[in-house]
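Got the viewer open? Let's take a short walk, one selection at a time.

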Amino acid sequence: MDITDRGYQLIKQELFRHLRTDSNAYKDSYLIRRIRARMRKLGISDFMDYYRLIKKNKAELDDLLLTVAINVTEFFRDPIVWRTLESKVLPELIRFKKENHFTTIRVWSAACSTGQEPYSIAMMFSEFLGQDIKRYNLSILATDIDREALNIAIKGVYPRETVEKSVPKHLIRKYFLPMGDHYRISPQLRRYVKFQHFNLLSKEYPKGFDMIFIRNVLIYMTKEAQEEIFRRLYDSLEDHGYLILGKTETILGDASKLFKLYSLVGRV
Ligand SMILES: C[S@@+](CC[C@H](N)C(=O)[O-])C[C@H]1O[C@@H](n2cnc3c(N)ncnc32)[C@H](O)[C@@H]1O
């Protein structure tokens with residue numbers, strides 16, 4: 001059995017010592033799949049051999065960290081989710097703000113990877129509010145455990161194909177600056193987003209959000225870890241707040257009682 005393999009246990013220990021986080025929160029099936037994929041690439045079949053390699057080769061350990069974090073993401077990932085936000089959630093949120101004369105809008109992208117999600121949120125608000133955006137104090141907190149991913153996010157420079165594949169042309173013209181074979185996020189969009197390192201397994205969460213995006217990260221974690229995170233996210237949201245999950249994700253266990261299902265994607 002892979003789980004009880006001594007080599008696997010040692011790799012896991014080493015990995016989480018470097019991630020400085022609790023290894024029990026991640027599913028073994030997920031970790032084994034990622035580690036095996038890396039081993040296959042190198043033609044190694046024994047966990048202990050791979051453990052010896054990461055012990056003497058720091059670059060390999062870094063590569064493994066990246067493989068485990070898998071920060072795959074894209075602008076406006078799962079377009080149907082964004083259409084639901086634009087047509088239902090944003091109108092309701094802004095109506096609520098107007099009725100109560102509130103001018104602050106606080107959003108958290110809680111596993112932002114290389115930044116495409118928080119920048120998409122900024123574009124969505126900017127498009128929805130138009131000139132009215134000046135009346136609001138919009139701030140988007142974008143956090144991730146992976147510092148390398150955050151560095152890319154902070155630079156806000158992306159290959160041309162990445163941008164052109166998922167961002168409509170009129171938004172590229174408005175919010176990106178061409179830079180050779182790359183695009184840079186324009187300063188007027190960049191100023192709404194603040195990046196910070198944050199581990200979802202930590203106890204102290206930031207609070208007071210209107211919306212929290214937690215997409216495509218909890219799937220790697222155990223049911224217990226997910227429930228705990230959902231409870232903390234609940235406390236981080238304002239009473240009227242919205243929690244946005246990935247397209248195929250649901251809230252597990254007792255934590256589901258804390259939230260009311262607002263909309264299933266596709267039912268716009
Ligand atoms: C697949 S990406 C999701 C990016 C974006 N939310 C999306 O849906 O496109 C998953 C991200 O979760 C981050 N992550 C994994 N464990 C984490 C933890 N304990 N705390 C914070 N971020 C974590 C990874 O570093 C990675 O960038």
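Before the first stop, here is the cut-off we'll lean on: a residue counts as buried if 20 or more other C-beta atoms lie within 10 Å of its own, and as exposed if 12 or fewer do. Keep in mind, too, that this is a predicted model.

Start by selecting residues 223-236, which make up helix 11. The helix has 14 residues and runs 20 Å from its first C-alpha to its last, close to the 20 Å expected at 1.5 Å a residue.

Now show side chains. Which residues of helix 11 are buried? They are Q226, I229, F230 and L233. Turn the view to look down the axis of helix 11: the buried residues fall within an arc of 105°, so they line one face of the helix. That fits the general pattern: an α-helix has 3.6 residues a turn, so residues three or four places apart point the same way. Spin to the other side of helix 11 and you'll find E224 and D235 exposed.

What do the buried residues of helix 11 pack against? Select 209-214 for strand 7 and 237-245 for strand 8, and you have both partners.

Next, the ligand. There are 21 residues around it, and N71, T73, A111, S113 and R215 come nearest. Colour that shell by class and you get nine nonpolar, seven polar and five charged residues.

Finally, zoom out and colour by domain: 6-69 is domain 1 and 79-258 is domain 2. Their centres, taken over C-alpha atoms, are 30 Å apart. At the contact, domain 1 contributes nine residues and domain 2 ten. On the domain 1 side, the touching residues split into six nonpolar, one polar and two charged.

Key: Residues numbered from 1 in each chain as written. Predicted model: local features only at pLDDT ≥ 70, side-chain atom pairs only at ≥ 80, totals over all residues. Helix = DSSP H or I, 4+ residues; strand = E, 2+ residues; numbered from the N terminus. Expected span 1.5 Å × (residues − 1). Arc of directions from axis to C-beta. Contact = placed C-beta atoms within 7 Å. Domains from an automatic or database assignment. Nonpolar A, V, L, I, M, F, W, Y, C, P; charged D, E, K, R; others polar. Near = placed C-beta within 6 Å.
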